[in-house]
Amino acid sequence: MNADFFMLSFNNLRRRRLRSWLTMIGIFIGIAAVVALISLGQGLEQAITAQFQEFGSDRIIIQERGLQGPPGSGTAKSTKLTESDLRVIKKVDGVKGAAGIIVKTAKVEYKDELNFVFVFGLPQSPDEKEIISFFDVEHGRNIKEGDRDKAVVGVRYTEGKVFSNEINIGDKINIEGRDFRVVGVLERIGNPFDDSAIMIDKEAIKEIYNIENEESMIHAKVDNIEDIVKVKENIEKELRKSRGEEKGKETFQVTTADQLLQSFSNIFAIVQAVLVGIAAISLLVGGIGIMNTMYTSVLERTREIGIMKAIGAKDSDVLTLFLFESGLIGFIGGAIGVAIGLGLSKTAEYFATIQLGTNLLKASTEPWIIIGALLFSFVIGTLSGTLPAMQASRLNPVEALRYE
């Protein structure tokens, strides 16, 4: 029986091919937009989550409170972290080790070209180097203790995306008037900021900027990840004590890696919901289009409905037939929209990888996205056709047969 309804609905739509396609436009545009946004959003979230997992969930990050933008960007208006803070953190119970990093926006020159990039000053002592081991070198070697004139660069330098000329191992770059020889290239991290960074010895960056007692950020590693919340609270307590600050008025902030990830997830969920909400407006328009088409179909087929009832069709049969038609319009429109949406998201992923050099923008093609979109479009179509279908099922067969 359902197969008969399906074939009748399909044949009716095929006879009105142009109108059916025009009706589907609103559906597949909306579904395509929703699928593309959700696919890219899920892919981005998965990529960033993977990066946080590589970074390590046993890390605690200490920064200046009120820091605006990346450390070293010069927009922070707060009390600087110091080497004294680093010593205090290292002594906190539960802290396995801690290391301070200095980050500055530096003027970098190469073959008469000038650019401003972020330069990281990393400690080279064995115990501190282990804490910041999340920077992996793909080619060449890492900087080591005593390398005051050596640098490791991000992968974008070797691709000619920071300077027009590619930089290779052995080349010299000038940072704030001081020459450094490139000894290594970092693995691709996936975002232009990190892939354009330069790593040098911490003592070298101190000499360049005449820094005596300053840390841009401090990374701490805990002994036991299950105690990370308690260790975080202990760090806050000891820093308040050493800096003479009251609770709630700290000039620093202590955050776990999981907290950073959760903050990102919350913000991203809100942004994604807004974007999907905007895209869903076209689904509403598509639903109204289906309703309009089905009302027109009822008027055109009034005599046909009368004949169906006259030969024994029940009200429920007519209702089911029209619901099948509207649901089929929604489903086919949804299927086309899913294909277009996945194509758009894959295209965006391709251009992000090729043009921007980032692997963060990935298109997620999880089955629930496809199945959910198809079911949603079918439901939208069915609901939009409910009122016209009810009107068709209630037609009086005698009056319908008289309709011209």
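Leaving aside its neighbours within four places in sequence, which residues is Ile31 in contact with? Going along the chain, they are Leu283, Gly334, Gly337, Val338, Ala373, Phe376 and Ser377. That makes a handy way into this structure, which is a predicted model.

## The overall picture

The protein has 404 residues, and 47% of them count as buried. Its secondary structure comes to 13 helices and ten strands. If you take the contacts between residues at least 6 apart in sequence, 79% of them join residues at least 24 apart. On the outside, about 20,300 Å² is exposed, with carbon and sulfur atoms supplying 57% of that area.

## Two nonpolar cores

Back to Ile31. It belongs to the largest nonpolar core, a set of 29 residues. Together with Val35, Phe322 and Val338, Ile31 touches the most other members. Quite a few helices chip in here: α2 (17-55), α8, α9 (302-310), α10 (315-356), α11 (367-384) and α12 (386-393) each supply at least two residues of this core. Apart from it lies another core, this one of 23 residues, including Ala106, Val108, Tyr110 and Val119.

## Two helices with a buried face

Helix α9, one of the contributors to the largest core, has Thr302, Ile305, Gly306, Met308 and Lys309 buried. Looking down the axis of α9, you'd find these buried residues within an arc of 160 degrees, so they line one face of the helix. After α9 comes Gly312, with a positive phi near 115 degrees.

Helix α3 can be read in a similar way. Its buried residues include Asp85, Leu86, Val88 and Ile89. Seen down the axis of α3, the buried residues fall within an arc of 160 degrees, so they line one face of this helix too. What do they pack against? The buried residues of α3 pack against β1, β2, α4 (126-131), β9 and α7.

## Salt bridges

The structure holds 19 salt bridges. Here are three of them, with the distance between the closest N and O atoms.

| Salt bridge | Closest N and O atoms |
|---|---|
| Asp85 and Arg243 | 2.5 Å |
| Lys104 and Glu214 | 3.1 Å |
| Glu250 and Arg240 | 2.9 Å |

Take Asp85 and Arg243, whose closest N and O atoms are 2.5 Å apart. This pair links distant parts of the chain, with Asp85 in helix α3 and Arg243 in helix α7 (residues 228-243), 158 residues apart. Are these two partners buried or exposed? Asp85 counts as buried because its relative accessibility is 2%, and Arg243 counts as buried at 18%.

Next up is the bridge between Lys104 and Glu214. Lys104 lies in strand β2 (residues 95-110), while Glu214 is in the loop between α6 (202-209) and β9 (217-222), so the pair ties together parts that are 110 residues apart in sequence. Both Lys104 and Glu214 are buried.

Then there's Glu250 with Arg240. Glu250 sits in the loop between α7 and β10 (252-256), and Arg240 is in helix α7, ten residues away. Glu250 and Arg240 are both buried. Elsewhere on the list, salt bridges that share partners join Arg148, Arg178, Asp201 and Glu207 into one network.

## Thr79 and its company

Thr79 is found in the loop between β1 (59-64) and α3 (83-90). Its relative accessible area is 41%, so it counts as partly exposed. Setting aside neighbours within four places in sequence, Thr79 is in contact with Glu64, Arg243 and Thr251. Arg243 is a name you've already met, as the salt-bridge partner of Asp85. How many residues apart in sequence are Thr79 and Phe252? They are 173 residues apart in sequence, yet 7.7 Å apart in space, C-alpha to C-alpha.

## A nonpolar patch on the surface

Not every nonpolar side chain is tucked away. Ile267, Ile270, Val271, Val274, Leu275, Ile278, Ile281 and Val285 form a nonpolar patch on the surface, and together they have about 750 Å² of accessible area. One of them, Val285, is found in helix α8 (residues 257-300). With a relative accessible area of 51%, Val285 counts as exposed, because the cut-off for exposed is over 50%. Helix α8 also supplies at least two residues of the largest core, so this is a helix worth turning over in the viewer.

How values were computed:
Residues are numbered from 1 along each chain as its sequence is written. This is a predicted model: local features need pLDDT of at least 70, side-chain atom pairs count only at pLDDT 80 or more; totals for chains, interfaces and linings use all residues. Side-chain values use heavy atoms; hydrogens and water are left out. Patches are made of residues with over 30% relative accessible area and no salt bridge: like charges are joined within 9 Å, nonpolar side chains (Val, Leu, Ile, Met, Phe, Trp, Tyr) within 5 Å. Accessible areas come from the Shrake-Rupley method with a 1.4 Å probe; for residues, only the protein chains shown count as cover. A salt bridge is a side-chain nitrogen of Lys or Arg within 4 Å of a carboxyl oxygen of Asp or Glu. Helices (H or I, at least four residues) and strands (E, at least two) are DSSP runs, numbered from the N terminus. Buried means under 20% relative accessible area, exposed over 50%, partly exposed in between (1.4 Å probe, protein chains only). Contact means heavy atoms within 4.5 Å. A nonpolar core is a set of buried Ala, Val, Leu, Ile, Met, Phe, Trp, Tyr and Cys residues joined through side-chain atoms within 4.5 Å. The arc is that of the directions from the helix axis to the C-beta atoms.
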